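Thanks for taking a look at this one with me. Below are a few numbered notes to help you find your way around.

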Amino acid sequence: MKKWAALDAWKAAVAKGETPPEGNLRKAFIADEIKQVEGEARSIQFTISTGSVDRDKDTVNPDGWKLAAYKKNPVVQWAHDYSAPPIARATKIKVQDGKLVSTAEFVPGEVSPFAEMIYQMVKGGFLNATSVGFRASKWNYNEDRRGVDFLEQE
């Protein structure tokens, strides 16, 4: 099971120049680009992160993504719940035009009714947000906006 760090505590430590708590972080993103992938059944392409300032006053550098470890087991979890089976797998993930873009192939409905429900909700426009979980390896605190600029993350 993954260990998650509380973002507020992590940022408070960084702001004081202290070592942040151990653990992965989560960042939410309203996915303005969600589209069915033509010719690929049950596959949806998402923009899952950009370098824009987010609602926590942070940025995540698109060119700072280190994806090798994730690509070994590219599961898509519902709400970062690693105690439950995945709802999809990332068949493609890459940085493109300053955005982290992923194609998720959802688990068939006969295997997971829950994954089917999420897939149908995404297709129907009822779910339009994504989030990324990551371990930050390089960052700077931005005093002006009181946020963190994540420079490199896995």
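1. Let's begin with one residue: leaving aside its neighbours within four places in sequence, which residues is Phe134 in contact with? Keep in mind that this is a predicted model. Beyond those sequence neighbours, Phe134 touches Asn24, Leu25, Lys27, Val60, Trp65, Phe150, Gln153 and Glu154.

2. Phe134 also leads us to the largest nonpolar core, which has 27 residues. Together with Trp10, Phe106 and Phe150, Phe134 is among the four that touch the most other members. At least two residues each come from H1, E3, E6, E7, H3, strand E8 (129-134) and E10. The biggest contribution to this core is that of H3, with four residues.

3. Next, have a look at helix H3, residues 113-123, where Ala115, Ile118, Tyr119 and Val122 are buried. These residues lie on the same side of H3, because they cover an arc of only 100° around the axis. Strand E2 (34-36), E3 and E7 are among the elements covering them. After H3 comes Gly125, with a positive phi near 85°.

4. Strand E7 (residues 99-106) deserves a visit of its own: six of its eight residues are buried, so to speak "mostly covered". E7 runs antiparallel to strand E3 (residues 43-50), and seven bridges join the two. In that pairing, Ser49 stands opposite Leu100 of E7.

5. E7 has an antiparallel pairing with strand E6 (residues 88-96) as well, over eight bridges. Here Lys94 has Val101 in E7 as its bridge partner. E6 and E7 form a hairpin with two residues between the strands, and in this hairpin Asp97 takes a positive phi near 55°.

6. Now turn to an open sheet of three strands, ordered E4-E10-E9, with mixed pairing. Strand E4 (59-60) and strand E9 (136-142) are at its edges; each has a single partner strand, so one side of each is left without a neighbour in the sheet. Helix H1 (residues 7-15) packs on this sheet and touches E9 and E10, its direction making about 65° with that of E9.

7. Which residue in E10 is the bridge partner of Val60? That partner is Phe150, in a parallel pairing of E4 with strand E10 (residues 147-153) that spans two bridges. Both Val60 and Phe150 appear in the contact list of Phe134, which brings us back to the residue we began with.

Definitions and conventions. Residues are numbered from 1 along each chain as its sequence is written. This is a predicted model: local features need pLDDT of at least 70, side-chain atom pairs count only at pLDDT 80 or more; totals for chains, interfaces and linings use all residues. Side-chain values use heavy atoms; hydrogens and water are left out. Two strands pair if DSSP finds at least two bridges between them. Contact means heavy atoms within 4.5 Å. Axes are lines fitted to C-alpha atoms, for helices over the stretch in contact, and angles run from 0 to 180 degrees between N-to-C directions. Buried means under 20% relative accessible area, exposed over 50%, partly exposed in between (1.4 Å probe, protein chains only). The arc is that of the directions from the helix axis to the C-beta atoms. A nonpolar core is a set of buried Ala, Val, Leu, Ile, Met, Phe, Trp, Tyr and Cys residues joined through side-chain atoms within 4.5 Å.
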